[in-house]
Protein chains: 2
Amino acid sequence: MRIAVLGGTGPEGLGLAARLAQIGESILIGSRSAERADEAARNLRSKLPPASIVGLPNAKAAAEADVVVLAFPYEGIEPILADCAAAMDGKLVVDTIVPLKVDKKFFGVEPPSEGSAGEKIQARIPGAKVVSAFKHQSAHHLIDLEHAMEGDVLICGNDEAAKGVVAGLVRRIRDLRPVDAGELRNARVFEAMTALLLNINRKHKTRASVKILGLP
Amino acid sequence: MRIAVLGGTGPEGLGLAARLAQIGESILIGSRSAERADEAARNLRSKLPPASIVGLPNAKAAAEADVVVLAFPYEGIEPILADCAAAMDGKLVVDTIVPLKVDKKFFGVEPPSEGSAGEKIQARIPGAKVVSAFKHQSAHHLIDLEHAMEGDVLICGNDEAAKGVVAGLVRRIRDLRPVDAGELRNARVFEAMTALLLNINRKHKTRASVKILGLP
């Protein structure tokens, strides 16, 4: 499976690319800049010698991939959609985006009219199978391949098979567990929880994560 | 400390009253109906023989208490405020309310313009010290005193001392841990998380809870 990570040169994207490369997936790091994509791919390959990691402009990465992970800041949605929506049509699209809003050191969300980044992307690419996931994993922890990840990867989406593919990837990443939270509308809660975690992090000077207890 | 639980004859209120009585607090169960309050108090006393548990109409319970726990459905806020706002002025008010909205078996929230039930109550009783807490504990598990509670009690509020009192109560309830999430605005996330947990419960046929990992 070829997985494109758009925004793959940013901290969250790079961390996800590293973890997905580590489990043997073929990674296309997408960036607005072909040079930065190439440089990030070279750096990552040097850390993970047998891995297949290539850097490409976002649109080319999306076009060549089977699965597209969106890991850029919320503000990037419009330009990336303009560039890559056609390339993502019909594909599994993993949304990790949070419409964060910081107000005097307080973290909140400023959700779009659709309710969440995940729902917005789904509305704009109706043929895509959007799965929201990885909204609570610290970029700092993901990129440190020695770090034992804690907490669950909450997953939601309207296509059961697509969620199954994402859950399968998560299960293969060391220490992570997928939790299916149901339909895509739950993405708005995932996004609000990211803001909550950032407030908790700031208060407790840590990088916290969330675990769901009591699952069968 | 005398703790009133308004809406204390409902499942969540009764569960909280039971747990708080169990740790030795003096409990005033408040209800719209003096008869139902009295009956619930009698039932609870029979399960917890040495406990001090009295049933009263909501307004009287609020007036006689040092701490007032709000454990009625969201729709009860307006009538209870009309009845009891003056009695709660200046007091520690523990808000456990969630503005839930069920749409074809999907759980969501319909927050008030203030952002959350907690913020609405604080806006309406500016002199109260509102702490939002206990939004994720299953009524079914609380009322079963043999059940080992799982998950954390997320707490938020704008008065540090008031949060400290609530955290102290939580710490004395077996198996529960308080997590200070910061200022009261976070209550909107707590409330959305309740809806998420209900969607997870429905999907996985369980009663899930949430734990924060990575705290110092």
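**Exercise 1. Phe134(B)**

Decide whether Phe134(B) is buried or exposed in this predicted model, and describe its backbone.

Solution. Step 1: the relative accessible area of Phe134(B) is 6%. Step 2: a residue counts as buried under 20% relative accessible area. Step 3: Phe134(B) is therefore buried. Step 4: as for its place, Phe134(B) belongs to the loop between β8 (129-132) and α6 (139-143) of chain B. Step 5: the phi angle of Phe134(B) is near 55°, which is positive although the residue is not glycine.

**Exercise 2. Asp175(A)**

Find the loop that holds Asp175(A), and classify the residue by its relative accessible area.

Solution. Step 1: Asp175(A) sits in chain A, in the loop between α7 (160-172) and β10 (177-180). Step 2: its relative accessible area is 41%. Step 3: partly exposed covers the range between under 20% (buried) and over 50% (exposed). Step 4: Asp175(A) is therefore partly exposed. Step 5: Asp175(A) is not a glycine, yet its phi is positive, about 75°.

**Exercise 3. Arg174(B)**

State where Arg174(B) lies and which residues it contacts beyond its neighbours within four places in sequence.

Solution. Step 1: in chain B, the loop between α7 (160-172) and β10 (177-180) contains Arg174(B). Step 2: with a relative accessible area of 42%, Arg174(B) is partly exposed. Step 3: once neighbours within four places in sequence are set aside, the contacts of Arg174(B) are Arg19(B), Leu145(B), Glu146(B), His147(B), Ala148(B) and Met149(B). Step 4: for a distance along and across the chain, take Glu150(B), which is 24 residues from Arg174(B) in sequence, with the two C-alpha atoms 9.8 Å apart.

**Exercise 4. Ser116(B)**

Is Ser116(B) buried or exposed, and which residues does it touch?

Solution. Step 1: the relative accessibility of Ser116(B) is 0%, so it counts as buried. Step 2: Ser116(B) lies in the loop between β7 (106-109) and α5 (117-124) of chain B. Step 3: leaving out residues up to four places away in sequence, Ser116(B) touches Ala187(B), Arg188(B) and Glu191(B).

**Exercise 5. Asp152(A)**

Describe the surroundings of Asp152(A), using its contacts and its separation from Asn58(A).

Solution. Step 1: Asp152(A) is part of strand β9 (residues 152-157) in chain A. Step 2: its relative accessibility is 1%, so Asp152(A) counts as buried. Step 3: apart from residues up to four places away in sequence, Asp152(A) touches Gln137(A), Arg177(A), Val179(A), Val210(A), Lys211(A) and Ile212(A). Step 4: Asn58(A) is 94 residues away along the chain, and its C-alpha is 28 Å from that of Asp152(A).

**Exercise 6. Two chains and an axis**

Work out what kind of axis relates chain A to chain B.

Solution. Step 1: two copies of a chain are related by a rotation about an axis and a shift along it. Step 2: here a turn of 180° with a shift of 0.0 Å along the axis lays chain A on chain B, with an RMSD of 0.0 Å. Step 3: this relation is therefore that of a two-fold axis. Step 4: in chain A, the C-alpha nearest the axis belongs to Lys211(A), at 2.6 Å. Step 5: both copies use the same surface, since 100% of the contact residues of chain A recur in chain B.

**Exercise 7. Leu215(B)**

Which residues of chains A and B does Leu215(B) touch, not counting residues up to four places away in sequence?

Solution. Step 1: Leu215(B) is in the segment after β11 (209-213) of chain B. Step 2: at a relative accessible area of 22%, Leu215(B) is partly exposed. Step 3: with residues up to four places away in sequence not counted, Leu215(B) touches Ile200(A), His204(A) and Thr206(A) in chain A, and Arg177(B) and Val179(B) in chain B. Step 4: Val179(B) is 36 residues from Leu215(B) along the chain, and their C-alpha atoms are 8.9 Å apart.

**Exercise 8. Chain A as a whole**

Compare the radius of gyration of chain A with that of a compact globule, then describe the chain.

Solution. Step 1: for 216 residues, a compact globule would have a radius of gyration near 17 Å. Step 2: chain A has 16 Å, which agrees. Step 3: the C-alpha trace of chain A spans about 40 × 40 × 35 Å along its principal axes. Step 4: chain A contains 8 helices and 11 strands. Step 5: of the 216 residues in chain A, 60% are buried. Step 6: among contacts in chain A with a separation of 6 or more, 72% join residues 24 or more positions apart.

Note on methods. Residues are numbered from 1 along each chain as its sequence is written. Chains are lettered from A and ligands numbered from 1 in the order in which they are written. This is a predicted model: local features need pLDDT of at least 70, side-chain atom pairs count only at pLDDT 80 or more; totals for chains, interfaces and linings use all residues. Side-chain values use heavy atoms; hydrogens and water are left out. Copies are superposed by least squares on the C-alpha atoms of residues with pLDDT of at least 70 in both. Contact means heavy atoms within 4.5 Å. Helices (H or I, at least four residues) and strands (E, at least two) are DSSP runs, numbered from the N terminus. The radius of gyration is taken over C-alpha atoms; the globule rule is 2.2 Å times the number of residues to the power 0.38. Buried means under 20% relative accessible area, exposed over 50%, partly exposed in between (1.4 Å probe, protein chains only).
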